[in-house]
Amino acid sequence: MEGQALREARICEQTRERNITAEERPVFHLSSRVGWMNDPNGFSWYDGCYHMFYQYHPYDSHWGPMHWGHAVSTDLLHWEYRPAVLAPDLHYDHAGCFSGSAVTLDDGTQLLMYTSVAQTMDENGKRRDVQTQSLAVGDGHNYQKYHGNPVLGKDDIPDNGSIYDFRDPRMWREPDGSFRMILVNNDKYEGGQVLLYSSPDGFRWKYERKLLVNHFRFGKMWECPDLFELDGKQVFLFSAMDMIPKDFEYHNGNGTVCLVGSIDPVTGDFAEEHDQTIDYGIDFYAPQTVVTPDGRRVMIGWMQNWDTCNLHMESRSWFGQMSVPRELSVRNGRLFQQPIREIESLRIGEPYRGTAEVEDGELFMTGLSGRIIDMEVEVEPSEPDETFHQFAVKFAQDEICYTKLGFRPKESVMKIDRKFSGSRRAIIHQRRAKVRHENGKIKFRILLDRFSVEVFVNDGEQVLTATLYTDIAADRISFVADGSVKVKVTKYDLGA
Ligand code: FRU
(Lines give C-alpha, C1' and ligand atoms only; values in the text may rest on other atoms or scores of the structure.)
Protein backbone atom coordinates (compact mmCIF):
# COMPACT_ATOMS: atom_id res chain seq x y z
CA MET A 1 0.00 0.00 0.00
CA GLU A 2 1.24 3.43 -0.85
CA GLY A 3 1.89 5.28 2.41
CA GLN A 4 1.94 9.01 2.92
CA ALA A 5 5.73 9.31 2.53
CA LEU A 6 5.77 7.49 -0.79
CA ARG A 7 2.80 9.49 -2.02
CA GLU A 8 4.64 12.70 -1.24
CA ALA A 9 7.83 11.48 -2.91
CA ARG A 10 5.85 10.62 -6.03
CA ILE A 11 4.23 14.04 -6.12
CA CYS A 12 7.61 15.67 -5.59
CA GLU A 13 9.24 13.83 -8.50
CA GLN A 14 6.32 14.45 -10.83
CA THR A 15 6.28 18.15 -10.06
CA ARG A 16 10.01 18.80 -10.06
CA GLU A 17 10.91 16.84 -13.16
CA ARG A 18 8.94 19.37 -15.21
CA ASN A 19 11.72 21.87 -14.58
CA ILE A 20 14.36 19.62 -16.14
CA THR A 21 14.62 19.68 -19.92
CA ALA A 22 15.96 16.76 -21.95
CA GLU A 23 19.00 18.90 -22.87
CA GLU A 24 19.92 19.16 -19.20
CA ARG A 25 20.26 15.40 -18.95
CA PRO A 26 22.78 12.93 -20.37
CA VAL A 27 21.86 11.51 -23.78
CA PHE A 28 22.43 7.82 -23.10
CA HIS A 29 23.11 7.52 -19.38
CA LEU A 30 20.39 7.17 -16.78
CA SER A 31 20.24 10.18 -14.46
CA SER A 32 18.23 10.80 -11.31
CA ARG A 33 14.64 11.66 -12.11
CA VAL A 34 14.91 14.57 -9.66
CA GLY A 35 17.13 15.17 -6.64
CA TRP A 36 19.92 12.80 -5.67
CA MET A 37 20.80 9.34 -7.00
CA ASN A 38 23.44 6.89 -5.82
CA ASP A 39 23.76 3.10 -6.11
CA PRO A 40 21.93 1.01 -8.69
CA ASN A 41 19.47 -1.31 -6.88
CA GLY A 42 17.40 -4.29 -7.94
CA PHE A 43 18.88 -4.28 -11.45
CA SER A 44 16.79 -6.97 -13.15
CA TRP A 45 14.93 -8.24 -16.19
CA TYR A 46 11.28 -8.54 -15.20
CA ASP A 47 7.97 -8.52 -17.06
CA GLY A 48 9.49 -7.82 -20.47
CA CYS A 49 11.92 -5.04 -19.59
CA TYR A 50 14.95 -4.11 -17.54
CA HIS A 51 14.28 -2.52 -14.19
CA MET A 52 16.70 -0.18 -12.54
CA PHE A 53 15.89 0.98 -9.04
CA TYR A 54 18.28 3.37 -7.37
CA GLN A 55 19.20 5.03 -4.10
CA TYR A 56 17.21 8.21 -4.26
CA HIS A 57 16.51 11.42 -2.37
CA PRO A 58 13.93 13.22 -4.48
CA TYR A 59 13.75 16.32 -2.28
CA ASP A 60 17.30 17.54 -2.71
CA SER A 61 20.31 17.08 -4.95
CA HIS A 62 22.30 15.90 -1.91
CA TRP A 63 22.12 12.57 -0.08
CA GLY A 64 19.24 12.29 2.42
CA PRO A 65 16.82 9.66 3.77
CA MET A 66 16.99 7.02 1.09
CA HIS A 67 14.05 6.08 -1.12
CA TRP A 68 14.12 3.75 -4.11
CA GLY A 69 13.67 5.49 -7.45
CA HIS A 70 12.66 3.46 -10.47
CA ALA A 71 13.22 3.42 -14.24
CA VAL A 72 12.67 0.82 -16.96
CA SER A 73 14.21 0.19 -20.36
CA THR A 74 14.24 -2.34 -23.16
CA ASP A 75 17.79 -1.58 -24.38
CA LEU A 76 19.45 -0.17 -21.23
CA LEU A 77 20.10 3.10 -23.06
CA HIS A 78 16.64 4.65 -23.35
CA TRP A 79 14.99 4.86 -19.94
CA GLU A 80 11.50 5.65 -18.83
CA TYR A 81 10.92 6.74 -15.26
CA ARG A 82 8.33 5.02 -13.14
CA PRO A 83 7.12 6.33 -9.78
CA ALA A 84 9.42 5.77 -6.80
CA VAL A 85 8.73 2.43 -5.10
CA LEU A 86 10.05 2.64 -1.54
CA ALA A 87 10.04 5.43 1.02
CA PRO A 88 11.56 5.28 4.52
CA ASP A 89 8.34 5.36 6.50
CA LEU A 90 8.20 2.43 8.95
CA HIS A 91 9.79 1.96 12.35
CA TYR A 92 12.41 -0.42 10.99
CA ASP A 93 13.40 1.69 7.93
CA HIS A 94 12.61 5.28 8.92
CA ALA A 95 16.28 6.28 8.50
CA GLY A 96 16.51 4.88 4.98
CA CYS A 97 15.78 2.13 2.48
CA PHE A 98 19.35 1.34 1.50
CA SER A 99 20.70 -0.74 -1.37
CA GLY A 100 19.42 -4.17 -2.36
CA SER A 101 18.37 -6.45 -5.17
CA ALA A 102 15.44 -8.13 -6.93
CA VAL A 103 14.33 -11.62 -8.02
CA THR A 104 11.17 -12.96 -9.64
CA LEU A 105 8.91 -15.17 -7.51
CA ASP A 106 7.09 -18.25 -8.81
CA ASP A 107 3.75 -16.44 -8.87
CA GLY A 108 5.19 -13.86 -11.29
CA THR A 109 5.58 -11.03 -8.78
CA GLN A 110 8.90 -9.39 -8.08
CA LEU A 111 10.62 -9.59 -4.70
CA LEU A 112 12.86 -6.74 -3.56
CA MET A 113 15.23 -7.08 -0.63
CA TYR A 114 16.69 -3.87 0.77
CA THR A 115 18.60 -2.77 3.83
CA SER A 116 16.22 -1.19 6.30
CA VAL A 117 17.90 1.41 8.48
CA ALA A 118 16.61 2.57 11.86
CA GLN A 119 18.20 5.05 14.23
CA THR A 120 18.84 4.05 17.83
CA MET A 121 21.05 5.18 20.70
CA ASP A 122 24.01 2.95 21.51
CA GLU A 123 25.20 2.24 25.07
CA ASN A 124 27.21 5.50 25.09
CA GLY A 125 24.21 7.59 24.11
CA LYS A 126 25.51 7.98 20.58
CA ARG A 127 23.00 7.99 17.74
CA ARG A 128 23.64 4.97 15.49
CA ASP A 129 22.05 3.50 12.39
CA VAL A 130 21.08 -0.13 12.91
CA GLN A 131 20.83 -2.07 9.66
CA THR A 132 18.49 -5.00 8.99
CA GLN A 133 17.16 -6.61 5.79
CA SER A 134 13.59 -6.20 4.60
CA LEU A 135 11.38 -7.29 1.72
CA ALA A 136 8.79 -5.77 -0.60
CA VAL A 137 6.70 -7.54 -3.23
CA GLY A 138 5.32 -5.90 -6.35
CA ASP A 139 4.35 -5.95 -10.00
CA GLY A 140 6.94 -3.66 -11.58
CA HIS A 141 4.98 -0.55 -10.60
CA ASN A 142 3.94 -0.77 -6.96
CA TYR A 143 5.58 -2.67 -4.14
CA GLN A 144 4.21 -3.59 -0.75
CA LYS A 145 6.54 -3.96 2.20
CA TYR A 146 6.29 -7.42 3.74
CA HIS A 147 4.41 -7.64 7.06
CA GLY A 148 7.15 -9.89 8.49
CA ASN A 149 9.90 -7.24 8.06
CA PRO A 150 12.69 -7.11 8.91
CA VAL A 151 13.52 -10.66 7.83
CA LEU A 152 17.16 -10.56 8.94
CA GLY A 153 18.58 -8.71 11.91
CA LYS A 154 21.08 -8.90 14.74
CA ASP A 155 20.36 -12.55 15.52
CA ASP A 156 21.39 -13.53 12.02
CA ILE A 157 24.87 -12.00 12.19
CA PRO A 158 27.83 -14.19 13.22
CA ASP A 159 29.82 -13.33 16.38
CA ASN A 160 31.77 -10.05 16.21
CA GLY A 161 29.75 -8.87 13.23
CA SER A 162 28.49 -5.31 13.44
CA ILE A 163 24.77 -4.47 13.50
CA TYR A 164 25.67 -1.03 12.07
CA ASP A 165 27.45 -2.37 9.00
CA PHE A 166 25.17 -5.11 7.74
CA ARG A 167 23.85 -4.24 4.32
CA ASP A 168 23.37 -4.42 0.55
CA PRO A 169 21.71 -7.85 0.05
CA ARG A 170 22.26 -9.40 -3.35
CA MET A 171 19.76 -12.23 -3.98
CA TRP A 172 19.63 -14.86 -6.69
CA ARG A 173 17.81 -18.11 -7.37
CA GLU A 174 19.45 -21.49 -7.64
CA PRO A 175 18.52 -23.95 -10.42
CA ASP A 176 16.29 -25.83 -7.91
CA GLY A 177 14.28 -22.63 -7.34
CA SER A 178 15.62 -21.95 -3.84
CA PHE A 179 17.02 -18.56 -2.92
CA ARG A 180 20.49 -17.39 -1.94
CA MET A 181 21.69 -14.00 -0.84
CA ILE A 182 25.02 -12.42 0.01
CA LEU A 183 25.54 -9.19 1.89
CA VAL A 184 28.35 -7.27 3.48
CA ASN A 185 29.13 -7.00 7.14
CA ASN A 186 31.96 -5.68 9.27
CA ASP A 187 33.78 -7.96 11.68
CA LYS A 188 35.47 -6.24 14.62
CA TYR A 189 38.68 -8.21 14.15
CA GLU A 190 38.67 -9.10 10.46
CA GLY A 191 37.22 -6.08 8.63
CA GLY A 192 34.80 -6.36 5.73
CA GLN A 193 33.23 -9.75 5.10
CA VAL A 194 30.64 -11.29 2.80
CA LEU A 195 27.97 -13.46 4.44
CA LEU A 196 25.86 -16.07 2.68
CA TYR A 197 22.18 -16.72 3.49
CA SER A 198 19.64 -19.16 2.07
CA SER A 199 15.87 -19.41 1.83
CA PRO A 200 13.40 -21.92 0.43
CA ASP A 201 10.85 -19.26 -0.56
CA GLY A 202 12.47 -15.80 -0.45
CA PHE A 203 10.79 -14.93 2.87
CA ARG A 204 12.31 -17.26 5.48
CA TRP A 205 16.04 -16.68 5.54
CA LYS A 206 18.83 -18.52 7.30
CA TYR A 207 22.48 -17.63 7.85
CA GLU A 208 24.78 -20.13 6.13
CA ARG A 209 28.41 -19.08 6.32
CA LYS A 210 31.12 -16.53 5.71
CA LEU A 211 31.98 -16.56 2.05
CA LEU A 212 34.81 -14.05 2.10
CA VAL A 213 36.76 -12.31 4.81
CA ASN A 214 38.77 -9.18 4.11
CA HIS A 215 41.42 -9.17 6.90
CA PHE A 216 41.59 -5.42 6.12
CA ARG A 217 43.16 -6.15 2.75
CA PHE A 218 40.78 -4.07 0.67
CA GLY A 219 39.77 -1.15 2.85
CA LYS A 220 37.96 -1.26 6.16
CA MET A 221 34.49 -2.20 4.99
CA TRP A 222 32.96 -3.48 1.79
CA GLU A 223 29.70 -2.46 0.16
CA CYS A 224 27.39 -3.68 -2.61
CA PRO A 225 28.63 -7.23 -3.35
CA ASP A 226 27.80 -9.18 -6.49
CA LEU A 227 28.79 -12.76 -7.30
CA PHE A 228 28.29 -14.73 -10.49
CA GLU A 229 29.78 -17.30 -12.79
CA LEU A 230 31.25 -16.03 -16.02
CA ASP A 231 33.30 -17.83 -18.64
CA GLY A 232 33.97 -20.72 -16.27
CA LYS A 233 35.12 -18.53 -13.35
CA GLN A 234 33.46 -17.13 -10.26
CA VAL A 235 33.51 -13.34 -10.25
CA PHE A 236 33.11 -11.30 -7.08
CA LEU A 237 32.46 -7.58 -7.35
CA PHE A 238 32.35 -5.21 -4.40
CA SER A 239 33.05 -1.63 -3.49
CA ALA A 240 35.57 -0.97 -0.75
CA MET A 241 35.65 1.91 1.73
CA ASP A 242 38.75 3.58 3.15
CA MET A 243 41.32 1.85 0.98
CA ILE A 244 45.00 2.57 1.02
CA PRO A 245 46.60 2.75 -2.42
CA LYS A 246 48.53 -0.04 -4.10
CA ASP A 247 50.66 1.01 -7.09
CA PHE A 248 48.25 2.30 -9.71
CA GLU A 249 45.88 -0.61 -9.13
CA TYR A 250 43.99 0.71 -6.09
CA HIS A 251 43.66 4.31 -5.05
CA ASN A 252 42.96 5.95 -1.69
CA GLY A 253 39.43 6.09 -0.36
CA ASN A 254 36.42 4.42 -1.91
CA GLY A 255 37.19 2.08 -4.79
CA THR A 256 35.88 -0.94 -6.65
CA VAL A 257 37.34 -4.44 -6.55
CA CYS A 258 36.88 -7.54 -8.70
CA LEU A 259 38.09 -10.95 -7.54
CA VAL A 260 38.23 -13.78 -10.03
CA GLY A 261 38.47 -17.35 -8.78
CA SER A 262 36.54 -20.50 -8.19
CA ILE A 263 34.26 -21.95 -5.53
CA ASP A 264 35.20 -25.34 -4.16
CA PRO A 265 32.18 -27.58 -4.82
CA VAL A 266 32.73 -29.52 -1.59
CA THR A 267 33.75 -26.89 0.98
CA GLY A 268 32.01 -23.95 -0.69
CA ASP A 269 35.15 -21.82 -0.16
CA PHE A 270 36.07 -19.13 -2.65
CA ALA A 271 39.60 -19.62 -3.98
CA GLU A 272 40.89 -16.30 -5.27
CA GLU A 273 43.10 -16.34 -8.35
CA HIS A 274 43.21 -12.70 -9.36
CA ASP A 275 42.26 -9.24 -8.09
CA GLN A 276 41.86 -5.97 -9.95
CA THR A 277 40.13 -2.63 -9.83
CA ILE A 278 36.84 -2.62 -11.72
CA ASP A 279 37.16 0.97 -12.95
CA TYR A 280 40.44 2.89 -12.88
CA GLY A 281 38.89 6.32 -13.34
CA ILE A 282 37.46 8.82 -10.89
CA ASP A 283 33.72 8.24 -10.80
CA PHE A 284 32.51 4.68 -10.49
CA TYR A 285 31.08 2.80 -7.52
CA ALA A 286 28.62 0.18 -6.32
CA PRO A 287 28.00 -1.68 -9.61
CA GLN A 288 25.30 -4.32 -10.05
CA THR A 289 24.87 -6.84 -12.86
CA VAL A 290 21.99 -8.40 -14.74
CA VAL A 291 21.77 -11.27 -17.21
CA THR A 292 20.12 -10.21 -20.47
CA PRO A 293 17.52 -12.50 -22.07
CA ASP A 294 20.20 -13.52 -24.61
CA GLY A 295 22.61 -14.48 -21.84
CA ARG A 296 25.01 -11.55 -21.55
CA ARG A 297 26.20 -10.42 -18.11
CA VAL A 298 25.83 -6.63 -18.07
CA MET A 299 27.07 -4.28 -15.35
CA ILE A 300 26.00 -0.75 -14.47
CA GLY A 301 27.66 1.30 -11.73
CA TRP A 302 26.92 4.59 -10.04
CA MET A 303 28.95 7.05 -12.12
CA GLN A 304 30.17 8.90 -9.04
CA ASN A 305 32.22 8.13 -6.01
CA TRP A 306 31.75 9.22 -2.41
CA ASP A 307 35.14 10.93 -2.45
CA THR A 308 34.37 13.07 -5.48
CA CYS A 309 30.64 13.70 -5.41
CA ASN A 310 31.12 17.29 -4.34
CA LEU A 311 31.67 18.26 -7.95
CA HIS A 312 28.10 19.48 -8.14
CA MET A 313 26.41 21.89 -10.47
CA GLU A 314 24.16 23.62 -7.97
CA SER A 315 22.07 25.08 -10.79
CA ARG A 316 20.91 21.57 -11.62
CA SER A 317 18.08 19.98 -9.65
CA TRP A 318 19.26 16.43 -10.30
CA PHE A 319 22.51 14.81 -9.24
CA GLY A 320 23.82 11.35 -10.02
CA GLN A 321 24.12 9.25 -13.16
CA MET A 322 24.64 5.59 -13.91
CA SER A 323 27.54 4.38 -16.06
CA VAL A 324 27.00 3.07 -19.54
CA PRO A 325 25.90 -0.59 -19.37
CA ARG A 326 28.96 -2.79 -19.85
CA GLU A 327 29.08 -6.32 -21.19
CA LEU A 328 31.40 -8.40 -19.05
CA SER A 329 33.68 -11.27 -19.91
CA VAL A 330 36.61 -13.04 -18.30
CA ARG A 331 39.67 -13.43 -20.51
CA ASN A 332 42.93 -14.90 -19.30
CA GLY A 333 41.61 -14.68 -15.76
CA ARG A 334 40.82 -10.92 -15.96
CA LEU A 335 37.54 -9.04 -16.06
CA PHE A 336 36.92 -7.24 -19.38
CA GLN A 337 34.18 -4.66 -20.00
CA GLN A 338 32.80 -3.42 -23.28
CA PRO A 339 30.03 -0.87 -23.80
CA ILE A 340 26.79 -2.72 -24.39
CA ARG A 341 26.53 -3.49 -28.12
CA GLU A 342 23.14 -1.76 -28.32
CA ILE A 343 25.06 1.52 -28.23
CA GLU A 344 25.72 1.06 -31.94
CA SER A 345 22.05 1.86 -32.53
CA LEU A 346 22.72 5.41 -31.28
CA ARG A 347 25.31 6.10 -33.96
CA ILE A 348 24.27 8.85 -36.34
CA GLY A 349 25.26 8.70 -40.00
CA GLU A 350 28.62 7.69 -41.35
CA PRO A 351 31.66 7.63 -39.10
CA TYR A 352 34.58 10.01 -39.35
CA ARG A 353 37.64 8.00 -40.27
CA GLY A 354 41.11 9.44 -40.41
CA THR A 355 44.79 8.83 -39.91
CA ALA A 356 47.56 11.26 -39.11
CA GLU A 357 51.10 11.64 -37.85
CA VAL A 358 51.51 13.82 -34.81
CA GLU A 359 55.02 15.05 -34.17
CA ASP A 360 56.13 17.10 -31.17
CA GLY A 361 53.06 19.25 -30.94
CA GLU A 362 49.29 19.45 -31.19
CA LEU A 363 47.21 18.44 -34.18
CA PHE A 364 43.56 19.12 -35.01
CA MET A 365 42.48 16.72 -37.75
CA THR A 366 40.32 18.41 -40.38
CA GLY A 367 36.65 17.71 -39.79
CA LEU A 368 37.14 15.86 -36.50
CA SER A 369 34.97 17.22 -33.70
CA GLY A 370 32.03 16.11 -31.55
CA ARG A 371 30.75 16.27 -28.01
CA ILE A 372 28.54 13.19 -27.76
CA ILE A 373 30.64 10.56 -29.43
CA ASP A 374 31.91 7.01 -29.63
CA MET A 375 35.52 7.28 -30.80
CA GLU A 376 38.11 4.61 -31.28
CA VAL A 377 41.75 5.64 -31.36
CA GLU A 378 44.73 3.48 -32.27
CA VAL A 379 48.23 4.80 -31.77
CA GLU A 380 51.70 3.52 -32.49
CA PRO A 381 55.15 5.02 -32.91
CA SER A 382 55.80 6.44 -36.40
CA GLU A 383 59.03 4.47 -36.45
CA PRO A 384 58.60 1.06 -34.81
CA ASP A 385 61.87 1.25 -32.88
CA GLU A 386 61.51 4.87 -31.74
CA THR A 387 58.98 4.92 -28.93
CA PHE A 388 57.49 8.34 -28.25
CA HIS A 389 57.44 9.94 -24.79
CA GLN A 390 53.83 10.95 -24.60
CA PHE A 391 50.62 10.96 -26.54
CA ALA A 392 47.34 12.59 -25.51
CA VAL A 393 43.83 13.17 -26.79
CA LYS A 394 42.13 16.38 -25.74
CA PHE A 395 38.36 16.42 -26.04
CA ALA A 396 35.32 18.37 -24.79
CA GLN A 397 37.52 21.27 -25.72
CA ASP A 398 36.99 25.01 -26.27
CA GLU A 399 39.22 28.06 -25.70
CA ILE A 400 39.31 27.47 -21.95
CA CYS A 401 38.40 23.87 -21.20
CA TYR A 402 39.45 20.40 -22.17
CA THR A 403 39.73 16.94 -20.71
CA LYS A 404 42.81 14.93 -21.54
CA LEU A 405 43.58 11.26 -21.87
CA GLY A 406 47.34 10.87 -21.79
CA PHE A 407 49.54 7.85 -22.46
CA ARG A 408 53.22 7.45 -21.59
CA PRO A 409 54.51 4.23 -23.12
CA LYS A 410 57.83 4.24 -21.28
CA GLU A 411 56.01 4.09 -17.96
CA SER A 412 53.03 2.16 -19.40
CA VAL A 413 50.74 4.71 -17.78
CA MET A 414 47.45 6.08 -19.01
CA LYS A 415 45.98 9.11 -17.26
CA ILE A 416 42.57 10.70 -17.33
CA ASP A 417 42.80 14.38 -16.44
CA ARG A 418 39.79 16.66 -16.02
CA LYS A 419 41.64 19.44 -14.24
CA PHE A 420 40.83 21.85 -17.05
CA SER A 421 37.28 20.63 -17.65
CA GLY A 422 35.73 23.66 -15.95
CA SER A 423 35.67 22.27 -12.40
CA ARG A 424 35.79 24.87 -9.64
CA ARG A 425 36.38 22.42 -6.81
CA ALA A 426 39.68 21.20 -5.36
CA ILE A 427 38.83 17.52 -5.64
CA ILE A 428 40.47 14.65 -7.47
CA HIS A 429 40.83 15.51 -11.13
CA GLN A 430 43.32 12.94 -12.36
CA ARG A 431 43.80 9.24 -12.13
CA ARG A 432 46.36 6.89 -13.63
CA ALA A 433 46.36 3.23 -14.60
CA LYS A 434 49.10 0.89 -15.74
CA VAL A 435 48.15 -0.32 -19.20
CA ARG A 436 49.37 -2.96 -21.59
CA HIS A 437 50.87 -1.99 -24.94
CA GLU A 438 53.31 -3.32 -27.48
CA ASN A 439 56.16 -0.91 -27.78
CA GLY A 440 53.80 2.09 -27.74
CA LYS A 441 51.06 0.45 -29.79
CA ILE A 442 47.73 0.67 -27.98
CA LYS A 443 44.07 1.26 -28.69
CA PHE A 444 41.24 2.76 -26.72
CA ARG A 445 37.64 3.77 -27.15
CA ILE A 446 36.20 6.97 -25.73
CA LEU A 447 32.48 7.32 -24.97
CA LEU A 448 31.56 10.90 -24.36
CA ASP A 449 28.16 12.04 -23.14
CA ARG A 450 27.10 15.49 -21.95
CA PHE A 451 28.43 14.98 -18.43
CA SER A 452 30.86 12.08 -18.58
CA VAL A 453 33.67 10.25 -20.30
CA GLU A 454 34.31 6.50 -20.22
CA VAL A 455 37.50 5.13 -21.72
CA PHE A 456 37.77 1.45 -22.66
CA VAL A 457 41.42 0.48 -23.11
CA ASN A 458 42.53 -2.53 -25.17
CA ASP A 459 39.04 -3.88 -25.92
CA GLY A 460 37.87 -3.30 -22.36
CA GLU A 461 40.82 -4.74 -20.47
CA GLN A 462 40.65 -1.58 -18.38
CA VAL A 463 38.13 1.23 -18.06
CA LEU A 464 38.54 4.77 -16.78
CA THR A 465 35.41 6.79 -16.02
CA ALA A 466 34.98 10.42 -15.02
CA THR A 467 32.15 12.91 -14.82
CA LEU A 468 32.60 16.24 -16.59
CA TYR A 469 30.80 19.53 -16.36
CA THR A 470 32.18 21.24 -19.45
CA ASP A 471 30.02 23.43 -21.68
CA ILE A 472 28.12 21.26 -24.14
CA ALA A 473 29.35 23.44 -27.02
CA ALA A 474 32.99 22.47 -26.29
CA ASP A 475 33.35 19.90 -29.06
CA ARG A 476 36.91 20.18 -30.32
CA ILE A 477 39.22 17.20 -30.38
CA SER A 478 42.99 17.30 -30.78
CA PHE A 479 46.01 15.04 -30.44
CA VAL A 480 49.24 15.95 -28.73
CA ALA A 481 52.55 14.14 -29.01
CA ASP A 482 55.96 14.32 -27.50
CA GLY A 483 57.81 12.29 -30.10
CA SER A 484 56.33 11.00 -33.31
CA VAL A 485 53.05 9.08 -33.28
CA LYS A 486 50.81 7.51 -35.90
CA VAL A 487 47.10 7.91 -35.04
CA LYS A 488 44.10 6.18 -36.53
CA VAL A 489 40.63 7.45 -35.57
CA THR A 490 37.09 6.23 -36.10
CA LYS A 491 34.47 8.49 -34.59
CA TYR A 492 30.69 8.26 -34.50
CA ASP A 493 28.36 10.95 -33.27
CA LEU A 494 25.76 9.54 -30.91
CA GLY A 495 22.17 10.65 -30.51
CA ALA A 496 19.06 9.55 -28.71
C1 FRU B 1 27.14 2.46 -1.19
C2 FRU B 1 26.20 2.68 -0.03
C3 FRU B 1 25.58 1.37 0.38
C4 FRU B 1 24.32 1.80 1.05
C5 FRU B 1 23.92 3.00 0.25
C6 FRU B 1 23.25 4.08 1.02
O7 FRU B 1 27.31 3.56 -2.02
O8 FRU B 1 26.90 3.29 1.03
O9 FRU B 1 26.41 0.57 1.18
O10 FRU B 1 23.36 0.78 1.04
O11 FRU B 1 25.09 3.50 -0.35
O12 FRU B 1 22.73 5.08 0.19
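User: Let's start with the backbone. Where is Pro150 found?

Analyst: This is a predicted model, and in it Pro150 is found in the loop between strand E8 (143-145) and E9.

User: What should I read off the peptide bond from Asn149 to Pro150?

Analyst: General idea to begin with: most peptide bonds are trans. Now the case here: the bond joining Asn149 to Pro150 is cis, and its omega is near -15°.

User: And phi? Which value does His215 have, and where is its place?

Analyst: Again, the background is that most residues other than glycine have a negative phi. His215 is not a glycine, yet its phi is positive, near 50°. You'll find His215 in the loop between E12 and E13.

User: On to pockets. What volume does the largest pocket have, and which residues are closest to its centre?

Analyst: A pocket is an open set of points, whereas a cavity is one that the probe cannot get out of. The largest pocket here comes to about 750 Å³. It is lined by 28 residues, and those closest to the centre are Met171, Trp172, Arg173, Leu227 and Arg297.

User: Which strands supply that lining, and how does it split by class?

Analyst: At least two residues each come from strand E1 (35-46), strand E5 (96-104), strand E9 (161-173), strand E12 (206-213), strand E13 (221-230) and strand E17 (285-291). By class, you get 14 nonpolar, six polar and eight charged residues in the lining of the largest pocket.

User: What about the second largest pocket: what is its volume, and what lines it?

Analyst: Its volume is about 430 Å³. The lining holds 20 residues, with Phe98, Gln131, Arg167, Glu223 and Met241 nearest the centre. Two or more residues apiece come from E1, E5, strand E7 (127-138), E9 and E13. E9 gives the most, four residues. The class split for the second largest pocket is nine nonpolar, four polar and seven charged.

User: Which space does the ligand take?

Analyst: To place a molecule, you ask whether more than half of its atoms lie within 2 Å of a pocket's grid points. The space the ligand takes is the second largest pocket. The elements giving two or more residues to the shell around the ligand are E1, E5, E9 and E13.

User: Which residues come nearest to the ligand, and what classes make up the shell?

Analyst: There are 13 residues around the ligand, and Asp39, Gln55, Asp168, Glu223 and Trp306 come nearest. The shell divides into six nonpolar, three polar and four charged residues.

User: Which polar atoms lie by the oxygen atoms of the ligand?

Analyst: For this you look for pairs of N or O atoms within 3.5 Å. Arg167 has a polar side-chain atom 2.8 Å from a ligand oxygen atom. Asn38 also uses a polar side-chain atom, at 3.1 Å from an oxygen atom of the ligand. With Ser99, a backbone N or O atom lies 3.1 Å from a ligand oxygen atom. As for cover, the ligand taken alone exposes 320 Å², and the protein buries 95% of that.

User: Last feature, the cavities. How many of 30 Å³ or more does the structure hold, and what lines the largest?

Analyst: The structure holds three of them, and the largest cavity has a volume of about 70 Å³. Its lining is made of Pro40, Asn41, Ser99, Gly100, Asp168, Pro169, Arg170, Cys224, Pro225, Pro287 and Gln288. E1, E5, E9, E13 and E17 each give two or more residues to that lining.

User: Which element gives the largest share there, and how do the classes divide?

Analyst: E9 does, with three residues in the lining of the largest cavity. By class, that lining has five nonpolar, four polar and two charged residues. Ser99 is worth a second look: it lines the largest cavity, and its backbone also has an N or O atom 3.1 Å from a ligand oxygen atom.

Technical notes:
Residues numbered from 1 in each chain as written. Predicted model: local features only at pLDDT ≥ 70, side-chain atom pairs only at ≥ 80, totals over all residues. Heavy atoms only, no water. 1 Å grid on protein atoms, 1.4 Å probe; cavity = no way out; pocket = protein on both sides within 12 Å on 5 of 7 lines; lining within 4 Å. Points joined across faces, edges and corners; volume = space filled by probe spheres on them. Nonpolar A, V, L, I, M, F, W, Y, C, P; charged D, E, K, R; others polar. Near = heavy atom within 4 Å. Polar contact = N/O pair within 3.5 Å; in protein donor to acceptor, adjacent residues only side chain to side chain. Areas by Shrake-Rupley, 256 points an atom, 1.4 Å probe, with all protein chains shown as cover.
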